[in-house]
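Please examine the sequence and the predicted model shown here. The explanation below is meant to be read alongside them.

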Amino acid sequence: MWLDNWNRWKRMSLKSFISLFLVAVSLTVTTASCSPSNTNGGASQTKDITLVSYAVTRTAYEKIIPLFTKQWQEKTGQTVRFDQSYGGSGSQTRAVIDGLEADVVALALSADTLQIQDAGLIQPGWEKKTPNGNGIVHRSVGAIVTREGNPKNIKNWDDLARDDVSVITANPKTSGGARWNYMALWGKITKTGGTEAQAKEFVTKVYANVPVLPKDAREATDAFFAQNQGDALINYENEVILAKQQGQNLPYVVPDINISIDSPIAVVDKYVDKRGTREVAEAFIQFLFTPEAQREFAKVGFRPVVPEVVAEFAANYPKITTLFTIEDFGGWNQVSPKFFADGAIFDDIQANIARR
């Protein structure tokens, strides 16, 4: 057997030998970089942490992570390597609960972070551990994308209830992003003096104009652009800005009555304690609130939360005259069961539309 192996080895091309040699070297370097070191108080010379976030944040984090790793190495001597996972916020939440060992979660809405808390992976009070005391690392607002030239002359939320306008938005029963869309419409009435009965009537008119309810924001975008459905697409302001930077100059309007789409950041306590990464994970979160990091969020369309950077980028974003938050409705712990649980208000609205 040994002789057979030797003969096969001799028949290998030089190219194959070099490829195997390079793989061996690569594995050796990787193993060496992960091995413990006595420097830095006996801590490992390299720390691996996992960031789990929702899809549209990738562009910002690809800029922010190198800034943090450079600063951390200068401060501690440690090399930090990031494993990054991006996807729909709801699916990312389920993955973490099901065992994806995230050190840090940066999700689309606090309701998702609260699900991870309820699963026993994040300790209560995570919001207060950030520099601004509320856990929100960046913001956005709702936007309405229109067809080229805005042929239906859509200017605000009211226009989405017109009989001649077809609207595309995802299903808030299955999409976290679509819940922001729904609450923007609801708050348009209740936060400007209207009653909940009036809000329900208005939202019913809008959803009666929705021909399909895709399961998530990506499918909604495909329905609008690829399948050419609808006259208007409800989206996030930051997504439209990022699309423009990537060469897609989408016509859109930002209603001046709007909801603050607040995205949270949190350490996953159970996993950082298991992996020994709490110190670096907490330091990363602190870094995200520095002007240096906040500028990178702002550059790709997110509204920053640090006053200094808010002022710097004020000209980039339309002013919102009436801005409300999810806390104005009691927070996600009250909003989710009231509006989106089985048999709750959204189901009732859909039933009313079906009976027409």
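The paragraphs that follow treat a sheet and its helix, then a second set of paired strands, and lastly two further helical regions.

The model, which is predicted, contains an open sheet of 5 strands in the order β2-β1-β3-β10-β4, and the pairing within this sheet is mixed. Strands β2 (79-87) and β4 (136-140) occupy the edges; each has a single partner strand, so one side of each is left without a neighbour in the sheet. From one strand to the next, the twist averages 15°. Within this arrangement, β1 (residues 46-54) and β3 (residues 104-106) run parallel and are joined by 3 bridges. One of the residue pairs involved is S53 with A106, the latter lying in β3. Helix α11 (residues 278-287) packs on the sheet, where it touches β1, β2, β3 and β10 (261-267), and the direction of α11 makes about 160° with that of β10.

A second group of paired strands centres, for this account, on β5. Strand β5 (residues 142-146) has 5 of its 5 residues buried and is therefore largely enclosed by the rest of the structure. In a regular strand, side chains alternate between the two faces of the sheet. In β5 both faces are covered, with G142, I144 and T146 buried on one side and A143 and V145 buried on the other. Strand β5 pairs with β7 (residues 232-236) in the antiparallel sense over 5 bridges, and G142 stands opposite Y236 of β7. Pairing of β5 with β8 (residues 252-253) is likewise antiparallel, over 2 bridges; here V145 has Y252 of β8 as its bridge partner.

Next come two helices that pack against each other. The axes of α4 (residues 89-97) and α5 (residues 110-118) lie 10 Å apart at an angle of about 10°. Angles under 35 degrees count as roughly parallel, and α4 and α5 are therefore roughly parallel to each other. Their crossing is right-handed. Helix α4 contributes S89, G90, T93, V96 and I97 to the contact, while α5 contributes D112, Q115 and I116. By character, the residues of this contact comprise 3 nonpolar, 4 polar and 1 charged.

The account ends with helix α12 (residues 291-299), whose buried residues are A293, Q294, E296, F297 and A298. The elements covering these buried residues include α3 (58-76), β4, α11 and α13 (307-312). Thus β4, an edge strand of the open sheet, and α11, the helix packed on that sheet, both take part in covering α12. After α12 comes G301, which has a positive phi near 110°.

Conventions:
Residues are numbered from 1 along each chain as its sequence is written. This is a predicted model: local features need pLDDT of at least 70, side-chain atom pairs count only at pLDDT 80 or more; totals for chains, interfaces and linings use all residues. Side-chain values use heavy atoms; hydrogens and water are left out. Axes are lines fitted to C-alpha atoms, for helices over the stretch in contact, and angles run from 0 to 180 degrees between N-to-C directions. Helices (H or I, at least four residues) and strands (E, at least two) are DSSP runs, numbered from the N terminus. Angles under 35 degrees count as roughly parallel, over 145 as roughly antiparallel, 65 to 115 as roughly perpendicular and the rest as oblique. A crossing is left-handed if the near helix is turned anticlockwise from the far one by less than a right angle, and right-handed if clockwise. Contact means heavy atoms within 4.5 Å. Ala, Val, Leu, Ile, Met, Phe, Trp, Tyr, Cys and Pro count as nonpolar, Asp, Glu, Lys and Arg as charged, and the others, Gly among them, as polar. Two strands pair if DSSP finds at least two bridges between them. Buried means under 20% relative accessible area, exposed over 50%, partly exposed in between (1.4 Å probe, protein chains only).
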